[in-house]
Amino acid sequence: MSQEIIADQVIDARGSYCPGPLMELIKTIRKGEVGKIYEVWSKDAGSIRDIPKWVTKANHEMVGVFEENGHTRFVVKKVR
Amino acid sequence: MNSNQKKPHIVILGGGTGGVVVANLLGRKAKKLVDITLVSKNENVFYEPDLIYRLFDKKDLKKQYRPLRKVVNKNVSILMEEVVHLDPQNHVVQFKSGNEICYDWLVIATGARYDYESVTGYAGEAHHFYNEEATLKLRDALESFEGGNIVTGVADLPYKCPIAPIEVTFMLYHYFKRRKMLEQVNIHYLSPLGGAFSIDQASEKFEKQFEKKGIELHEFFNTEEIIPEKKAVTSLEGEEVNYDLLILVPPHLGATYIDDRKLANEQGWVTVDKERLQSIAYPNIFAVGDTTELPISKAGSTAHYQAKVASKNILRLIKEGRLNAKYNGHAQCFVMMGLTSAMVLDFTYTRPPLRLGYIPNRLFYYIKKYFSRFYFRGILSGRV
């Protein structure tokens, strides 16, 4: 998967602890438009399990999970 | 106003656990050094944790109140006012009455408020147990409940006392068992998270109990709408659950009187350093308790521990121009696992709950059940 995906909105949740990053994503997606791409930055280990699981449950698209220096980028497309 | 005063003026906003403990510690330790004013819109301190017991007994709420003046140190002035605006640039707090007060140091401890409007259909349809009126209304609804789907859970994060809806779910099970109605009652628990609770080890424990008791857990259920005509609650994730009785913790918001986004976020949660409890933007402002954006449970125990740290830091700053007390995220929650047994979760920012606390027993139940006596005499004084 290319790391050059350009997100419509970046949610920098590196200062948040579990379940903060997931809840910030949910809050943003709730208000967002279908088709938009959202990127969450998280330093919390729990996000690796929670965010993809939530994206699947909510029937959105997990575009990719990328490890960066000290944090993880979760790229999610709102599809409904 | 304050420029003519010799002593620094500390203003504490909020007459709940955090505000009262800060007031008492400062009143006792710094009476000659500072002037202290506690601002509250309520004449009484109310002990909220006992509300869950009122759902299942016939007692009134009188013993959960104490007049503020009786629990606050005499060196502290009490002002009965409702805050409507805070101007952190000019150190001024404005009240609904039109009055205002200036401060040199400010402690924000005004707790959380409930936002019933943010979930369509909530008002008039969903029950909860987060204030006196709603608790008594739910008690009546439980008494007259004849069977069907009871749906409990949480509408949105964050909320106060994160363990309370799980406790009430377990208590409901035992309540209906006692009434020999378990065959007529299906209990569902709605969790916005990928498990019953935010701490993995505790979550596993609760999920096992849910399974054993036949309580259906709906993970990743972020409430979207309540449809009264269908008696259904829907989630952002696309799930729909039917209810005969809906018990949903309402969404919470922080301080409505702060429009400075450097001090509080859009939901009104005050942003402070997670250890020093000092505002990052305004060093003369501290915040404790439910009103903070801290990554820890909004609970009486955390407000209590934070109040001790904040008051130490303010005093040290006034005396020596530096601070050194740190809050480590300590939280302690007694968890009702039935009507007469409880376990305890004791954890910090970095330490998971102690294993010993996971064993439900009568002793923890009695500690929780009778804690209010110790709360008014001991906890609020700040001596413990």
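## Exercises on a two-chain model

In this predicted model, β14(B) pairs with strand β15 (residues 232-235) of chain B in the antiparallel sense, over four bridges. Let's work outward from that pair.

**Exercise 1.** Find the bridge partner of I226(B) in β15(B), then place β14 and β15 in their sheet.

*Solution.* Start with the residue: I226(B) is bridged to V233(B) in β15(B). Next, widen the view to the sheet, which is open and has three strands in the order β14-β15-β16 (chain B), paired antiparallel. Its edge strands, pairing on one side only, are β14 (223-227) and β16 (240-242) of chain B. Finally, add the geometry: from one strand to the next, the twist averages 20°.

**Exercise 2.** Work out how chain B is divided into domains, and describe the contact between them.

*Solution.* First take the bounds: the domain assignment gives domain 1 as 2-112 + 254-329 and domain 2 as 117-251 of chain B. Then take the spacing: the centres of the two domains, over C-alpha atoms, are 31 Å apart. Now count the contact, to which domain 1 of chain B gives eleven residues and domain 2 of chain B gives 16 residues. Last, sort the domain 1 side by class: seven nonpolar, one polar and three charged residues.

**Exercise 3.** Characterise the side of chain A that touches chain B.

*Solution.* Begin with the counts: 14 residues of chain A contact ten residues of chain B. Move on to the elements: α1 (20-31) and α2 (46-57) of chain A each give two or more residues to this side. To finish, its classes are seven nonpolar, three polar and four charged residues.

Conventions
Residues numbered from 1 in each chain as written. Chains lettered and ligands numbered in written order. Predicted model: local features only at pLDDT ≥ 70, side-chain atom pairs only at ≥ 80, totals over all residues. Domains from an automatic or database assignment. Contact = placed C-beta atoms within 7 Å. Nonpolar A, V, L, I, M, F, W, Y, C, P; charged D, E, K, R; others polar. Pairing = 2+ DSSP bridges. Axes fitted to C-alpha atoms, helices over the stretch in contact; angles between N-to-C directions.
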